[in-house]
Amino acid sequence: EFASVKTRLIADYTFEQDNQFVLANTYGQALATGESIADVEDWPNRIRAVQPEDVRKAAETYLVRKESVTGRMAAKAEE
């Protein structure tokens with residue numbers, strides 16, 4: 001499942017490159033936040049390199065259970 005998600009992310013990214021607005025937006029956001037054109041172009045390779053353990057480490061580092069919020073949505077009863 002993890003590999004499937006990575007493949008889907010890369011495929012979505014690739015297809016988005018056909019849209020001039022999305023392409024310009026992607027590069028513009030990257031350049032505005034200190035990334036380079038090479039960073040944008042290498043993104044699929046960086047996604048390919050991510051392993052499940054990398055995700056676990058990031059979650060343990062940045063997700064704090066005591067600061068989490070759980071929301072529940074209920075369907076409105078019909079009258």
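User: I have this predicted model open. Which hand does the crossing of α2 and α3 have?

Analyst: Happy to start there: α2 and α3 cross in a right-handed way.

User: How do I read the rest of a helix pair, and what are the values for α2 and α3?

Analyst: The general idea is that two packed helices are described by the angle between their axes and the distance between the axes. Here, the axes of α2 and α3 cross at roughly 120 degrees and come within 9 Å. That angle makes α2 oblique to α3.

User: Which residues make the contact?

Analyst: From α2, look at Thr 26, Tyr 27, Ala 30 and Leu 31; from α3, they meet Ile 37, Val 40 and Glu 41. Sorted by class, the contact of α2 with α3 has five nonpolar residues, one polar and one charged. For the spacing along a helix, a handy rule helps: an α-helix has 3.6 residues a turn, so residues three or four places apart point the same way.

User: Now the other pair. At what angle do α1 and α3 pack?

Analyst: Helix α1 (residues 2-16) packs on helix α3 (residues 37-49) at about 165 degrees, and their axes are 9 Å apart. This makes α1 roughly antiparallel to α3. The crossing of α1 past α3 is left-handed. On the α1 side, Lys 6, Leu 9, Ile 10 and Tyr 13 make the contact, while α3 brings Val 40, Glu 41, Trp 43, Pro 44, Ile 47 and Arg 48. By class, that contact of α1 with α3 has seven nonpolar residues, three charged and no polar ones.

User: What should I look at around the ends of α2, and what caps its N-terminal end?

Analyst: Asn 19 is the cap: a side-chain oxygen of Asn 19 lies 2.8 Å from the backbone nitrogen of Phe 21. The helix then covers residues 20-32, and its 13 residues reach 18 Å from first C-alpha to last, close to the 18 Å expected at 1.5 Å a residue. Just after α2, Gly 34 has a positive phi of about 90 degrees.

User: One more: where is Gln 17 found, and what does Gln 17 touch?

Analyst: Gln 17 sits in the loop between α1 and α2. Its side chain reaches the backbone oxygen of Tyr 13 at 3.1 Å. Leaving aside residues up to four places away in sequence, Gln 17 touches Leu 23 and Tyr 27.

Notes:
Residues numbered from 1 in each chain as written. Predicted model: local features only at pLDDT ≥ 70, side-chain atom pairs only at ≥ 80, totals over all residues. Heavy atoms only, no water. Axes fitted to C-alpha atoms, helices over the stretch in contact; angles between N-to-C directions. Helix = DSSP H or I, 4+ residues; strand = E, 2+ residues; numbered from the N terminus. Parallel < 35°, antiparallel > 145°, perpendicular 65-115°, else oblique. Left-handed = near helix turned anticlockwise from the far one by under 90°. Contact = heavy atoms within 4.5 Å. Nonpolar A, V, L, I, M, F, W, Y, C, P; charged D, E, K, R; others polar. Expected span 1.5 Å × (residues − 1). Polar contact = N/O pair within 3.5 Å; in protein donor to acceptor, adjacent residues only side chain to side chain.
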